[in-house]
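Reader: I am new to this structure and would like to learn how to read it, one feature at a time. Could you take me through it slowly, giving the general idea and then the case at hand?

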Amino acid sequence: MRSRRECVRCPGVIRKRARRFTTSNDGTTFTDNPTSPGLALDFDATNAHLSPGATAYAAYAVQLSEDSDYAADVALSGSTGTGEAAEDLTYTILKTESFGCTAATTGTALVTDQPATATSGATMFSLDAVSTPAFLCVQVTAGEGLTQGSTGTIEWDLTGTSTDQLS
């Protein structure tokens with residue numbers, strides 16, 4: 001049971017800027033979302049309301065679009081946390097073997113305990129084949145300073161840089 005002082009709503013959005021990859025929040029339907037607000041992450045309803053120390057989980061997938069001629073390196077070019085809760089949120093992004101994201105999900109850590117208000121980014125993974133997605137697990141954790149009723153949104157920007165021509 002949550003105490004009344006420990007509730008917050010923290011939706012998340014991933015926006016991509018490159019035109020040669022598509023994204024999915026269900027692992028099967030991929031769409032092009034080049035501008036803000038991008039594709040909303042599907043946090044489980046019970047995890048959308050965080051209390052201090054709790055973590056919410058959302059799965060996400062990225063793949064080259066069907067008309068891609070080149071592979072791509074994908075980078076997290078930054079994140080923007082807004083709202084009063086943003087200062088008390090951190091996130092971790094894992095690259096996983098399959099679509100899904102829970103507390104038990106394992107994978108390669110691409111970003112670990114990054115503040116939601118951070119603006120620096122990181123190169124995360126490569127996409128080397130059309131229609132072969134990279135699966136991500138986004139974990140958002142509430143800090144102990146989170147107050148009742150505070151709200152926040154995190155927006156992540158993914159960018160792709162063309163690399164080798166696909167065969």
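Author: Let us begin with a covalent link: cysteine 101 and cysteine 137 form a disulfide, with their sulfur atoms 1.9 Å apart. Please keep in mind throughout that this is a predicted model.

Reader: How many disulfides does a search of the whole structure find?

Author: The search of the whole structure finds 1 disulfide, and the link of cysteine 101 and cysteine 137 is right-handed, with 55° about the S-S bond. Cysteine 101 lies in the loop between strand 8 (89-96) and strand 9 (108-115), whereas cysteine 137 lies in strand 11 (residues 134-142), so the pair ties together parts that are 36 residues apart in sequence.

Reader: Are cysteine 101 and cysteine 137 buried or exposed?

Author: For burial one looks at the relative accessible area, and under 20% a residue counts as buried. Cysteine 101 is buried because its relative accessible area is 14%, and cysteine 137 is buried as well, with a value of 0%.

Reader: Which aromatic pairs should I look at, and how many does a search of the whole structure find?

Author: The search finds 2 aromatic pairs. In the pair of tyrosine 91 and tryptophan 156, the ring centres are 5.4 Å apart and the planes stand at 80°, so the pair is edge-to-face, since planes over 60 degrees apart count that way. This pair links distant parts of the chain, with tyrosine 91 in strand 8 and tryptophan 156 in strand 12 (residues 153-165), 65 residues apart. Tyrosine 91 counts as buried at 1% relative accessibility, and tryptophan 156 is buried with a relative accessible area of 1%.

Author: Phenylalanine 99 and phenylalanine 135 also form an edge-to-face aromatic pair, at 6.3 Å centre to centre and with 75° between the planes. Here too distant parts of the chain are linked, for phenylalanine 99 is in the loop between strand 8 and strand 9 while phenylalanine 135 is in strand 11, 36 residues apart. Phenylalanine 99 counts as partly exposed at 29% relative accessibility, whereas phenylalanine 135, at 16%, counts as buried.

Reader: What joins the side chains of threonine 23 and tyrosine 60?

Author: The side chains of threonine 23 and tyrosine 60 are joined by a polar contact of 3.3 Å. Threonine 23 has its place in strand 3 (residues 21-24), and at 0% relative accessibility threonine 23 counts as buried.

Reader: Which residues is phenylalanine 30 in contact with, leaving aside its neighbours within four places in sequence?

Author: Apart from those neighbours, phenylalanine 30 is in contact with Thr22, Thr23, Ser24, Ala61, Val62, Gln63 and Pro133. Phenylalanine 30 is found in the loop between strand 3 and strand 4 (39-40), and from C-alpha to C-alpha phenylalanine 30 and valine 62 are 8.0 Å apart in space, although 32 residues apart in sequence.

Reader: Where in the protein is confidence lowest, and where is it highest?

Author: Confidence is lowest in strand 1 (residues 8-9), at a mean of 37, and highest in strand 8, at 94. The mean pLDDT of the protein is 80, and 81% of its residues reach 70 or more. Over residues 1-19, however, pLDDT stays under 50, and for these residues the model has 86 contacts beyond four places in sequence. Where pLDDT is low, the predicted coordinates should not be read in detail.

Conventions: Residues are numbered from 1 along each chain as its sequence is written. Side-chain values use heavy atoms; hydrogens and water are left out. A disulfide is a pair of cysteine sulfur atoms within 2.5 Å. Helices (H or I, at least four residues) and strands (E, at least two) are DSSP runs, numbered from the N terminus. Buried means under 20% relative accessible area, exposed over 50%, partly exposed in between (1.4 Å probe, protein chains only). A polar contact is a pair of N or O atoms within 3.5 Å; within protein, one must be able to donate a hydrogen and the other to accept it, and residues adjacent in sequence count only if both atoms are side-chain atoms. Rings of Phe, Tyr and Trp (its six-membered ring) pair if their centres lie within 6.5 Å; planes under 30 degrees apart count as stacked, over 60 as edge-to-face and the rest as tilted. pLDDT is the predictor's confidence in each residue, from 0 to 100. Contact means heavy atoms within 4.5 Å.
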